[in-house]
Amino acid sequence: MAIALKAADGGVVQVSPEILQAFKANFAGAVVTSEDVAFDETRTIWDGLIDRRPSLIVRCSGTADIVQAVRFARQHQFLMSVRGSGHNIAGLAVCDGGLMIDLSLMRGVWVDPVARTARAQAGCTLGNLDRETQLHGLAAVLGFVSTTGVADLTVGGGFGYLTRQYGWTCDNLVSMELVTADGALVRAAADENADLFWALRGSGHFGIVTSFEYRLFPVGPEILGGAMAWRAEDAKDVLDFYRQFTATAPRETTCVAVLRIAPPAPWLPKEIHGKPIIAIFVCHSGSIEAGEAAMAPLRKLGRAVADSVKRRPYTQMQSLLDATQPQGRRYDWKSHYLARIDAQAVDVLIAHAKQMCSPFSAIVLFHLQGALAELPAEHSPAGHRDAAYVLNITSAWESADDDAANLRWARDCFEAMQGFSTGGTDINFPTEEEGCQHTEATCGKPTLARLAALKQKYDPDHLFQATKSSAACAWVAPK
Ligand SMILES: Cc1cc2nc3c(=O)[nH]c(=O)nc-3n(C[C@H](O)[C@H](O)[C@H](O)COP(=O)(O)OP(=O)(O)OC[C@H]3O[C@@H](n4cnc5c(N)ncnc54)[C@H](O)[C@@H]3O)c2cc1C
């Protein structure tokens with residue numbers, strides 16, 4: 001029986017059994033349709049709110065499969081989505097009725113300890129990459145949760161415990177291999193296809209990256225890090241301290257402040273479980289001695305109910321937040337870049353933390369600054385180099401009955417913090433309705449004009465339409 005696939009122009013393309021068979025004959029990975037037992041598992045992504053059904057899923061086993069899939073999509077003009085690890089909050093990895101190109105089986109990592117670089121295939125999670133690089137006491141600049149995919153995190157900018165020292169994840173790319181809309185396999189680096197290399201560091205509309213080559217830095221394998229917690233009654237004092245501490249902390253020290261209900265985590269005392277708390281997750285990626293000195297003021301801040309800051313493997317630090325972000329819950333995230341946090345912003349955050357309606361939700365402040373601001377704004381479309389913090393309002397809950405209340409809570413908090421924002425949300429965090437994060441206000445006219453010209457050059461027919469909500473981007477000229 002033929003399979004009906006949505007076309008990019010909104011029409012329908014019938015794929016006959018013969019066409020599908022011819023595709024399968026050359027494809028080394030797996031081809032999955034709604035008839036297969038693996039269908040539901042394969043179409044499911046991290047956010048349980050997203051429930052989309054592609055008509056065809058092709059699970060690539062290598063670069064040649066990606067080339068074949070892109071040519072297939074182009075030939076038939078399918079609506080298409082690309083899945084790295086499926087962590088995008090808007091669910092861009094999976095399209096309804098179209099072709100999903102799934103890279104999540106491609107998890108190879110090759111480390112060159114002498115050159116201090118690593119090449120990672122696009123289906124890798126952060127954990128896959130950290131595991132291999134840490135064998136050599138090296139690390140790439142990645143994010144805070146080890147199950148997240150490297151692919152979209154990197155093309156969207158990317159930040160984590162090493163960002164203050166070395167910049168966005170994409171600032172530390174040496175090269176990328178990608179498949180362009182015409183099915184060509186190309187390398188993008190400073191010395192080759194430099195325009196594509198520029199565009200793909202902060203904007204993902206130009207092709208499917210098959211592998212990323214990252215610059216690595218000496219980190220660990222043991223670092224000083226962990227978390228401390230206080231009762232919510234102390235939140236104002238702790239956030240005031242956080243404000244001052246982050247203003248002078250060395251670049252090796254990165255702090256994440258979290259307002260939430262205490263989960264039943266082993267590092268928190270039982271009597272605090274289920275009660276509102278404020279926690280600070282902290283990582284010092286330099287020497288243990290320097291870390292002890294840097295964290296001394298934090299340890300002196302009184303009334304902590306838990307302190308798990310200790311010498312520990314860097315890979316453990318990188319997965320400390322994993323349990324709080326399991327796949328399958330219903331999630332809605334809202335984010336702002338903040339230039340600073342003042343007393344008024346602290347009051348707004350505390351007031352909204354009190355209104356949280358789920359034990360899984362959180363208000364999270366990530367500290368940036370440092371190396372980020374040292375590159376000029378035009379270095380790449382990732383931008384936002386003036387931001388001091390990322391505020392992430394992470395609404396998370398389990399039942400569809402609670403959708404309205406939890407969606408409302410995140411939006412109320414987001415709106416209340418609008419006045420403190422530098423403008424725009426993190427390109428890796430927007431929900432579906434937020435659409436394109438490359439606007440004149442966030443990037444400036446020259447960057448938008450450059451992106452538009454490159455889209456015209458590399459993907460004039462908008463094959464990569466579902467990527468980074470490009471359909472909603474004003475700078476992507478209509479066909
Ligand atoms: C639990 C959690 C923790 C997070 N922590 C951080 C963090 O610490 N720092 C941070 O910066 N971000 C963080 N994020 C945001 C994260 O960067 C984005 O969710 C990102 O989309 C994850 O990448 P992915 O490969 O899983 O995306 P997917 O959902 O697989 O893909 C989404 C879109 O990315 C594009 N894409 C995927 N693969 C490719 C490719 N190979 N080439 C080109 N485009 C591609 C496609 O357009 C696709 O539609 C976190 C997200 C979650 C859910």
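**A colleague's note on a three-domain model**

1. Let us begin with one residue: Q316 sits in helix α10, which covers residues 314-318. Please keep in mind that this is a predicted model. Q316 has a relative accessibility of 34%, so it counts as partly exposed. Now look for E222 on your screen. Q316 and E222 are 94 residues apart along the chain, yet their C-alpha atoms are separated by 9.1 Å.

2. Next, step back to the whole chain. The chain is divided into domain 1 (3-102), domain 2 (109-218) and domain 3 (222-433). How far apart do the C-alpha centres of domain 1 and domain 3 lie? The answer is 35 Å. These domain ranges will help you place the residues discussed below.

3. Q134 is a good residue to visit next. You will find Q134 in helix α4, made of residues 126-134. Is Q134 buried or exposed? Its relative accessibility is 9%, and buried means under 20%, so Q134 counts as buried. Leaving aside residues up to four places away in sequence, Q134 touches A139, V219, G220, P221, Y314 and T315.

4. Two of those partners, G220 and P221, deserve a closer look. The peptide bond that runs from G220 to P221 is cis, and its omega is near 10°. P221 itself belongs to the loop between β13 (217-218) and β14 (222-231). Try turning the view until you can follow the backbone through this loop.

5. Backbone angles bring us to two arginines. R116 is not a glycine, yet its phi is positive, near 55°. R116 lies in the loop between β7 (109-112) and β8 (117-121). With 40% relative accessibility, R116 counts as partly exposed. R303 also has a positive phi without being a glycine, in this case about 65°. The loop that holds R303 runs between α9 (288-300) and β17 (306-307). R303 has a relative accessible area of 62%, and the cut-off for exposed is over 50%, so R303 is exposed.

6. Now for S55, which is found in the loop between α2 (39-43) and β4 (56-59). S55 counts as buried because its relative accessibility is 17%, and buried means under 20%. Which residues does S55 touch, not counting those up to four places away in sequence? They are I3, A4, L5, T33, G97 and G98. With G97 there is a polar detail to spot: the side chain of S55 reaches the backbone oxygen of G97 at 3.0 Å. S55 can also be compared with K6: the two are 49 residues apart along the chain, and their C-alpha atoms are separated by 8.0 Å.

7. A4 and L5, which S55 touches, turn up again beside V12. Not counting residues up to four places away in sequence, V12 touches A4, L5 and A7. V12 lies in strand β2, residues 12-15. Why does V12 count as exposed? Its relative accessibility is 57%, and exposed means over 50%. V12 and L79 are 67 residues apart in sequence, while in space the distance from C-alpha to C-alpha is 9.4 Å.

8. Finally, turn to the ligand. There are 32 residues around the ligand, and G84, G86, F144, D152 and V209 come nearest. G84 also has a polar backbone atom 2.6 Å from an oxygen atom of the ligand. For H87, a backbone N or O atom lies 2.8 Å from a ligand oxygen atom. For L153, a backbone N or O atom is 3.5 Å from an oxygen atom of the ligand. How much of the ligand's area does the protein bury? Taken alone the ligand exposes 960 Å², and the protein buries 99% of that.

9. One last point concerns what makes up the shell around the ligand. The elements giving two or more residues to this shell are β5 (80-83), α5 (150-155) and β12 (208-215). Which of them gives the largest share? That is α5, with three residues. Sorted by class, the shell has 16 nonpolar, 13 polar and three charged residues.

Note on methods
Residues numbered from 1 in each chain as written. Predicted model: local features only at pLDDT ≥ 70, side-chain atom pairs only at ≥ 80, totals over all residues. Heavy atoms only, no water. Domains from an automatic or database assignment. Near = heavy atom within 4 Å. Polar contact = N/O pair within 3.5 Å; in protein donor to acceptor, adjacent residues only side chain to side chain. Areas by Shrake-Rupley, 256 points an atom, 1.4 Å probe, with all protein chains shown as cover. Helix = DSSP H or I, 4+ residues; strand = E, 2+ residues; numbered from the N terminus. Nonpolar A, V, L, I, M, F, W, Y, C, P; charged D, E, K, R; others polar. Buried < 20%, exposed > 50% of the residue type's maximum accessible area, 1.4 Å probe, protein only. Contact = heavy atoms within 4.5 Å.
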